[in-house]
Each structure stands twice: as structure tokens, then as C-alpha cells.
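Me: I am new to this structure and would like a close look at one part of it, the open sheet. Please go through what makes up that part and what lies against it.

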Amino acid sequence: MYNQDNNQSYQYYNPTFNNQEYDQKTNNLAYGTSVLREKSIPITLTWNVNAWAKIKRSLKETIQGRFCAGEDDEEFEEYKQLLTNVCGIAKPGSLCAIMGASGAGKTTLLNILNFRNIGKLETEADIKINGVPVDWDMITRYSGFVQQDDLFNGVLTVREHLTFVTMLKLGSSYTREERYQRVDEIIQEVNLIKAEDTIIGMGDKMKGLSGGEKRRLAYASEIINNPPLLFCDEPTSGLDSSMAQSLVESMRRLADSGKTVICTIHQPSSQTFEMFDSLVILAEGRLAYLGPNNQAPNYFERIGYPVPRLYNPADHYIQSLAVSPQDRENDLLRVRGITDQFEKSDLYAKMMYDIQLNDSQPMNLEDDDTPKYNTGYRSQFGWLLWRQIKLDLKNPLATKVVLIQTIVVSVFLGLIFLRLEKNEIGVQNRTGSLFIIIMQCNFGFLFGVVNTFPTDLILVYRESKNQLYSITPYYLVKQVAEFPKYVIFPAILITICYWMSGLNDNFGVFVQILFTLILCTQVAVSYGLFISALAPNLEAALAMVVPIMMPLLIFAGFFLNDVGVPDYFIWLKYISWFFYTNEICNVYLWRDVKNIPCTKKKNNDTCGAFGCFESGQEFLDANGFKEKMLPLDFVVLILLFFAFRILAYIILRIKLSRS
């Protein structure tokens, strides 16, 4: 049993925290004269975690299991336990390393502690801050999280990215000049001075920062507001020993200022390892050690695994707890013995005592009135718009490609339908030309949205879950920023095709058709946003576009006459924006045409040949287009424009809340 009087050998675990010492440390930050002046409360994090993952089965095993299990699905499901009664405590001023061999559960534990990236894991966790049970919203409010995979907008520079993050993370209590000063401090702190004006880059697509520089930038993004609790998932991966040590030194200074820092780390150098004052060592999902770093060698020596002379202790601990495929059964027995011994040790008893003591004295965090975001919606909208403009201006190649593509396609179509005749042959060709223009206005710009929006959402989801900004101002900025692009480019396409083909020499008709097709393009873009929000990833979004659009296209009046639509499919026509666009454009194009010359007509006889019409109105009647329906057509197009975008927004909100 733990002896409460034996406190000298457990100085790190002293459950009391000196607030006066904390304030003094905060006022003398190792960062120099920092602009940060808001005092954050010291954070003590405690946890007791169990986690299971569902075992995937083959189709054959699934079918057999269903029949064998009967109606009780719980008997059929099998789970593998990833974490088993993993308890722990991390206190203010500590730099805690979570270590273990591959598959030990390091990242799983870290993700559960900060309520992120849990996926489909089944968890049973009791996580508390200062003795108060926490949820995702509270842990996000008090912590930062440096994730293992770095996500950035690659065309921004280091300074531009940090400026954006700083302006949103530091609240209105800081002036703009102070926020810019904080950017300078952070750049200097993580040693990115030489790269501050370098674009971040997008892998092989666009060269930029090295992998190590991106790691330091990810770390810098999370410590801008000096959070009282910081999680880092292998922050030194991709860094050389010198840069890794420099980054851990920064984390050490953060901990010395009274913050609680917890990170997973893989194969640190001996110099880097010595900067950690607390270790959490996992083995096969169980706790093998939790305690002061400087006491770990003595503990492992007592249980029969002494650290060899001139040997890196971190490597020794991991090798002692590793399970090799060649001798798996014996290794598992050895690891089980080590974890069982720790649960019987004084260190484990002291840890449980400190957890109980901390939980018995819950601290009022007084955060009920704290806003979810550090900046208001207006500020979020402004800086999101600033970033979007930067992205568009710094990536002109994408805009140029779309512009050149639009011009080339429109000229090509114009040459195909060059100056159409004004006879029965021209009627058929004008119908084909109008169909091609409508299709290009839809598919040409729809796929531009579907190819980019799902990819953008990966970063947006992460930033929004980190409470950097709300999804609402981002979505509004998306609409505002892209609206001009999807007006100008369709207008170029329509103008070139219209006048080269000579659809109608009346300028008023051109303006009417131009407005209609731009509205049609906006509906198609709205549909693209809806599909992108609905689909789980880019591949699924691309696969969903055509199958859903095809029925709407078939019943639009291009291939099937309105009069001949079967009754059981008639409803598809009324949700097809192709149908309404086709009707509007044809009415505008033909309603004022009084006479259509016919090359098959002899003398003054009436021509009964197929495709010959005496006037534009006769053509409209034959195809079921009604001029009186124009107001309703426009109303439905506008409703579809808003409906798709509102549905996309609702889906984004639901996905974000579920994640």
C-alpha cells in the first residue's frame, strides 16, 4: 500500500499546485516579452480509459455469423480491446510523454483524451479537468492539438497562415498590432524565420516547406493563444535530431510556464528524452509505467529490466515491451507480467491516490459564459474572406485553366454551329446547339465544384472542430467568393457560342437567354455543393453526380417529348432544372419568330415534312413549351438554387456535430 508520508521520492505527484508560483512563471515566460496577457487556469487532467475496435469479418463469415447468432446481433459482433483500464494523471508544469511499441495504443489514448479522431471505436472513458468531467466542447476550449497529419492551404505562406490563425484565436481584447506582434513571436519561437515568406506547398503538386518545417508550423498554429493544455501526436516525426530537440525545448518552455503538455513520441534521442519529466508507457493496451522520468530506470531495474550502460532509456523501454511475430506467445507473457507488476507497485498506488484526491476537490472552471469562439461571426467572415481572396490570387493557374478551357470549348462549339441557317435545318441545329450550351453550363462548372469542395472540407472540418471558426461564416464566404466566377465564366461561354452560331440576332433575346443560363449554372453549382456535402469523400462525390443527374436530364425535354412522359415518371420532370431551363430558353428563342422558311416546300403548298414548322409558335406547341409557364419556371429555378445550398449547409452542420 502507498504510504502518504513518503512524499520525497514522488515530488512530481504532489497534488497541490502553487498558484503564486504559476502566476510568476506565466509573467516570466521564456518567450520573452510576449503580448499575451490573459492568465489561464492551471489544468490537471485525469483519465480512466477502455477502448474496443470491431473486428472486420469476411462476407462468408458475416453470413454464417448472422445465421448462427439468430436475432441477437450482439452475440455476433466481435471486438478487440485496444485499451484496458488505462488510468493516468498529468499536472500543470509537466511535459508528459506517451510511449510504447507499435500498436501499444499511444495514438488511440491521445485521441480519446482530446475527443478527436475516435472514428468507430467503442469507448468507456472517465476524463476530467481539475476534477470536473469534460466533453468535447470543454476539452476543445482549454486545449490545443497538434495532429500527426499536417493539413494546410498550400498556396499560403507561413506568415499568411499564422496571421489568419492568430487573428481568429486571439480575441477582441487584443489589438491588431498585438496580434501581428504575436505572429512575429511565434515565427521566432519555432525557428521559421527563414521560411516565413515561403509557400507551404502541396506535396509534389507545389513545392514548399519541408516535412520538418510543416511539423513546426503545425505546432506553432496550436500554441498561438498559449493553451493551458496541449496534446501533440508525434510532433517530432519527420524532424532531424537537432530540430526535434528544438521543438521539444519549446514544449518544455511551455510546460515550465505552468501549462500541461501531453504528447506521443517515437524513438526520441537521449537528449530529447531527458526533457520529459513524466512518462506514460503502454504495452498491448495496458499501463506498463506511469511516473517521473527520473524514477523509471530504478523501477525497471527492480522488476528485472535494468537499462544498459550508455544506452538510450527510451529505446530500452520500448524494446522491453515489444512483441515480435517470431516469439509472440512468450513476448505476450512477458509483457503481461510487466503490466501486472506495475498495477501492484507503489507508483500505481500513488497515481490512484492522486487521481482520487484531485477528483474529490473539483475546481469550478467558471466557463459557462465563455463564448465558443474567440472572435465573432463578423470577424470570422472577414478573415475567411481574406484567406479565400489570398487563395484565389496566389493560385491563378487554376483560374487561367478554367478561363482558357471555357474559351476553347466555346469557340469550338461556335465553329461547329457557325451561323446557322434560318430554315427547317436551322431549327434542328439550333435545338442541338442550345442543348450543348446548356450541358456545358451544367457539367463544365458542376465538376469544378465537386472536384475541389470535398477536399477543402477536410481542412474545414478540422479547423471548425478546433473552434477556430464556425461553419456558417465559412459557407457564406464560399458562396460570396465563388459567385462571380460562376457568373463570368458561363457568360463568356454563352456569349461566344450564341453570336458565333447566330441563334437569334435580337440582342434582347440574347440577354434573356444569358440570364437564364447563368441561373441554370448557379443551380448546377448548388447541386455540386449538395453532393459534395453529402458524399463521404471526393471519389464518392464524383461517382454520385451522374447517376442522380441522368434521370433529370432524360425528362428535361431533350430526348423525350413533354407530352410523351409516362405518368409514373412525370414527377422527375418537375425537379429537373434542365427542364425549366430548356423551356425558358426555347420560349425566348422562338416566340417572336413569325416565319420559318422551308427548303422542301414547293410553290405555296403547305409542307408536311418532319421537322418543318411554319413559325416559332408552332415549334413550341409541338414540343410542349408554354410561354405562360415562364414565371413558374423562374420561381422553381430560384427555389432549387436556394434549396440545394440550404440542404448542403444542413448536412455540413450535421456531419460536424456527429464528428
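Reply: What follows begins with the whole chain, then takes up the sheet, the helices across it and two loop residues.

The model is a predicted one. Its protein chain has 26 helices and 10 strands. The chain counts 659 residues, and 51% of them are buried. About 31600 Å² of the protein chain is exposed, with 55% of that area supplied by carbon and sulfur atoms. Among contacts with a separation of 6 or more, 77% are between residues 24 or more positions apart.

Now the sheet. Four strands form an open sheet, and their order is β2-β1-β4-β5. The pairing is antiparallel. In general, the strands of a sheet pair through backbone hydrogen bonds, and the pairing can be parallel or antiparallel. Here the edges are taken by β2, residues 79-90, and by β5, residues 132-133. Each of these two edge strands pairs on one side only. Between β2 and β4 in the order stands β1, which covers residues 45-54. Strand β4 covers residues 122-129 and is joined to β5 by two bridges. The strands β4 and β5 run antiparallel. At this end of the sheet, I129 is opposite V132, a residue of β5.

Two helices lie across the sheet strands. One of them is α4, residues 106-113, which lies across β1, β2 and β4. The direction of α4 is at about 120° to β1. The other is α14, residues 346-360, and it too lies across β1, β2 and β4. For α14 the angle is given against β2, and it is about 75°.

The loop between α4 and β4 contains F115, so this residue sits in the stretch that links a helix lying across the sheet to a strand within it. F115 has a phi near 60°, which is a positive value in a residue other than glycine. Is F115 buried or partly exposed? Buried requires a relative accessibility under 20%; F115 has 23%, and therefore counts as partly exposed.

A second residue with a positive phi is N191, again a residue other than glycine, with a value near 60°. N191 belongs to the loop between α7, residues 176-189, and α8, residues 211-222. Exposed would require over 50%; because N191 has a relative accessibility of 40%, N191 counts as partly exposed.

Technical notes
Residues are numbered from 1 along each chain as its sequence is written. This is a predicted model: local features need pLDDT of at least 70, side-chain atom pairs count only at pLDDT 80 or more; totals for chains, interfaces and linings use all residues. Side-chain values use heavy atoms; hydrogens and water are left out. Buried means under 20% relative accessible area, exposed over 50%, partly exposed in between (1.4 Å probe, protein chains only). Contact means heavy atoms within 4.5 Å. Accessible areas come from the Shrake-Rupley method with a 1.4 Å probe; for residues, only the protein chains shown count as cover. Two strands pair if DSSP finds at least two bridges between them. Axes are lines fitted to C-alpha atoms, for helices over the stretch in contact, and angles run from 0 to 180 degrees between N-to-C directions.
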